[in-house]
Amino acid sequence: KASVVGVSMGGMIAQHLAIDHPELVEKLVPVVTCPGPNPILEDAVDTWTDMALRGDHRALMVDNGKRIYSDGYLEKYGWMFPVAATFTKPRSYRQFLIMAKACRTHDARGGLGRIAVPTLVIGGEQDKTLGGQASYDLAAAIPGARLKMYPEYGHSVYDEAPDFLQTVLDFLKE
């Protein structure tokens, strides 16, 4: 058995693993993820897909950063996204488009009630990628799940919250 921590799309995958193979999962920590599609996620993925199909990597990187990071982070480091776009453009967006479609069509809501392992859902109230409500919905759908929401962070809570790793480790050690 494994303790499974999944962030964003990894959290979507983690949900399916816990539903489809409960014998493999000891504890579950889905982070900034959702039980199924919602309008905020759909808008983000559709916008990014359109930018990828146009090959507008700069716009994709800038919009991604704006949706993922907190306003405080963007004030300090937002200038980096257009610069990073210069050095990170992929040869192809094929894999990105496959992952975007998987996020857009992910729906675990029908099986979440069968998850019977200790679960800690972690979310950011300011999540502009899939909305903070998605974490509340996910926690409510998993029997006995605990919820840790960070009011000042968004989708990048795993990167910005100073106590994120300790929170996860404390839960896994219980």
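**Exercise 1. Find the residue in S4 that is the bridge partner of Ile-122, then place the pair in its surroundings.**

Let's work through this predicted model one step at a time.

Step 1. Looking across to S4, we find Lys-148 as the bridge partner of Ile-122.

Step 2. Now widen the view to the two strands: S3 and S4 (residues 146-150) are paired over 5 bridges, and the sense is parallel.

Step 3. Follow the chain between them: from S3 it passes through helix H7 (residues 133-141) to S4, a β-α-β crossover that is right-handed.

**Exercise 2. Work out how many of the residues of strand S3 (residues 120-124) are buried, and on which sides they lie.**

Step 1. Apply the cut-off: a residue is buried under 20% relative accessible area.

Step 2. Count along the strand: 5 of the 5 residues of S3 are buried.

Step 3. Sort them by face. Leu-120, Ile-122 and Gly-124 lie on one side, Val-121 and Gly-123 on the other, and both faces are covered.

**Exercise 3. Examine the positive phi values of Ser-8 and Val-32, and say where each residue lies.**

Step 1. Ser-8 is not a glycine, yet its phi is positive, about 60°. Its place is the loop between strand S1 (2-7) and helix H1 (9-20).

Step 2. Val-32, also a residue other than glycine, has a positive phi near 35°. This residue sits in the loop between strand S2 (25-31) and helix H2 (39-54).

Step 3. Finish with accessibility: Val-32 counts as buried because its relative accessible area is 0%.

Technical notes:
Residues numbered from 1 in each chain as written. Predicted model: local features only at pLDDT ≥ 70, side-chain atom pairs only at ≥ 80, totals over all residues. Heavy atoms only, no water. Buried < 20%, exposed > 50% of the residue type's maximum accessible area, 1.4 Å probe, protein only. Helix = DSSP H or I, 4+ residues; strand = E, 2+ residues; numbered from the N terminus. Pairing = 2+ DSSP bridges. Right-handed = clockwise from strand over helix to strand, strands pointing away.
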